[in-house]
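Reader: I am new to reading structures. Please take one part and go through it closely with me.

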Amino acid sequence: MRVLLLSAYTAVSHRHWAHGLVDHLNEIEWTLLELPPRHFRWRIRGNPLSWMLKEHDALSRDYDVVLATSMVDLATLVGLYPHLGAARRIVYFHENQFAYPESGDQRHQGEARMVNLYSALAADQVVFNTAYNRNSFIDAARRFLKGMPENLPAAQPLEELRKRAEVLPVPIHPLPSIEPLSPADDLVGASRRIVWNHRWEYDKNPEDFFAVLESLSEQGVDFELAVMGQRFRQQPAVFEQARQRLEHHLVVWGPQPGDHYRAQLDEGAIVVSTAYHEFQGLAVMEAVQRGCLPLVPDRLCFPELYADAYRYDGSRQGLERQLCAWLDDPESRPPVPSTAEWEWPTLLPRYQRLLTGGS
């Protein structure tokens with residue numbers, strides 16, 4: 001089987017997904033085309049032209065399946081290379097632009113949203129990493145189209161898309177066999193360490209996270225803090241402020257190389273999310289897999305992924321209450337949930353069926 005795999009904006013999670021597919025489904029003859037994750041507005045609108053000018057030979061071949069991320073303008077690409085329309089066309093949504101929160105200096109992303117919509121409509125199969133991603137896409141697309149100049153009868157095709165869409169998470173790699181910590185080691189080494197391992201951007205809502213930790217620090221609550229994750233040239237000012245105010249709690253600050261990053265997760269006790277934007281939350285999953293207890297807001301994708309015991313009400317006050325309870329009384333914490341259902345051994349058969357068209 002020959003599969004053309006297209007990733008138009010290769011952010012970390014997109015690269016993790018695409019390379020994981022190539023590594024785990026090695027019976028497939030893959031052709032992987034990727035574009036770097038920069039210049040977003042140009043990338044999502046210009047990817048067919050970029051590939052046409054740089055990858056004409058690869059696009060001119062015949063394939064059994066075209067598997068594209070939702071950033072790919074699949075409708076335009078098939079228009080430029082009509083023979084690709086003979087392949088099964090699958091679009092995978094890591095996120096959708098309809099549900100992406102805009103910062104104060106961003107303009108309305110109408111073009112990016114239309115690329116998402118046209119690609120979904122041009123596909124034979126649409127796949128979302130969570131039900132939240134699917135539902136937020138369909139619901140917001142309906143609202144978006146109601147605001148257009150024409151009263152388009154879009155409800156029926158969008159609801160049909162919702163019914164036939166598949167929910168299939170981005171898999172995480174299983175852990176190698178390791179010797180577990182003893183209960184004493186766990187209490188001494190990791191019981192008070194709070195982990196942030198998200199992108200350093202506004203949509204992850206670092207303001208709430210650091211405000212709560214500064215409040216705990218002022219109250220004299222004892223904790224350690226590991227702040228990691230992907231950092232960019234421009235980042236919210238709250239990070240530098242928090243670094244100064246929480247300096248005596250810090251055990252690590254900034255992006256870490258792979259082995260050190262994983263070692264820090266192994267030492268962690270609680271991984272926190274305060275996000276306004278999350279469609280699956282691979283960073284939280286990675287931390288949970290390595291023994292961190294998730295504490296996530298009761299919104300976005302989290303209610304379908306984590307039981308009530310791991311969620312707070314989404315407010316600063318709710319986060320502070322739960323952190324205080326878990327730090328003051330470690331025995332009150334629920335057990336760390338299993339990540340087996342999100343790992344490659346569990347999800348591989350479903351990806352094989354997706355690509356072969358099996359039931």
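Author: Start with a term. Helices and strands here are DSSP runs, with at least four residues for a helix and at least two for a strand, numbered from the N terminus. Keep in mind that this is a predicted model.

Now to the part itself, Asn129. Asn129 sits in the loop between strand S5 (125-128) and helix H6 (131-146). Is Asn129 buried or exposed? The relative accessible area of Asn129 is 4%. Buried means under 20%, so Asn129 is buried.

What surrounds Asn129? Leave aside residues up to four places away in sequence. Asn129 then touches Tyr92, Phe93 and His94. Asn129 also touches Val167, Leu168, Pro169 and Val170. Phe279 and Gln280 complete the list of residues that Asn129 touches.

Two of these neighbours deserve a second look. Take His94. The backbone oxygen of His94 lies 3.0 Å from a polar atom of the Asn129 side chain. Next, Gln280. Here the partners are side chains: that of Asn129 makes a polar contact with that of Gln280, at 3.5 Å.

Other loops offer something to set beside Asn129. Look at Asn205. Asn205 lies in the loop between S7 and helix H9 (206-218). Asn205 is not a glycine, yet its phi is positive, about 55°. The relative accessibility of Asn205 is 2%, so Asn205 counts as buried.

Then Leu300. The loop between strand S11 (293-297) and helix H13 (302-305) holds Leu300. Leu300 has a positive phi too, about 60°, although Leu300 is not a glycine. Its relative accessible area is 17%, and Leu300 is buried.

Two strands just named, S7 and S11, lead to a sheet. The sheet is open and has 6 strands, in the order S9-S8-S7-S10-S11-S12. The pairing is parallel. Which strands stand at the edges? Strand S9 (250-253) and strand S12 (311-312) do. Each has a single partner strand, so one side of each is left without a neighbour in the sheet. Follow one pair inside that order. Strand S7 (residues 193-196) and strand S10 (residues 270-272) pair in the parallel sense over 2 bridges. Ile194 stands opposite Ile270 in S10.

Last, a pair of helices. The axes of helix H1 (residues 12-24) and helix H15 (residues 344-356) come within 12 Å and cross at roughly 80°. H1 and H15 are therefore roughly perpendicular to each other. H1 brings Trp17, Gly20, Leu21 and His24 to the contact, and H15 brings Trp344, Leu348 and Tyr351. Of the residues in this contact, 5 are nonpolar, 2 are polar and none is charged.

Note on methods
Residues are numbered from 1 along each chain as its sequence is written. This is a predicted model: local features need pLDDT of at least 70, side-chain atom pairs count only at pLDDT 80 or more; totals for chains, interfaces and linings use all residues. Side-chain values use heavy atoms; hydrogens and water are left out. Axes are lines fitted to C-alpha atoms, for helices over the stretch in contact, and angles run from 0 to 180 degrees between N-to-C directions. Angles under 35 degrees count as roughly parallel, over 145 as roughly antiparallel, 65 to 115 as roughly perpendicular and the rest as oblique. Contact means heavy atoms within 4.5 Å. Ala, Val, Leu, Ile, Met, Phe, Trp, Tyr, Cys and Pro count as nonpolar, Asp, Glu, Lys and Arg as charged, and the others, Gly among them, as polar. Two strands pair if DSSP finds at least two bridges between them. Buried means under 20% relative accessible area, exposed over 50%, partly exposed in between (1.4 Å probe, protein chains only). A polar contact is a pair of N or O atoms within 3.5 Å; within protein, one must be able to donate a hydrogen and the other to accept it, and residues adjacent in sequence count only if both atoms are side-chain atoms.
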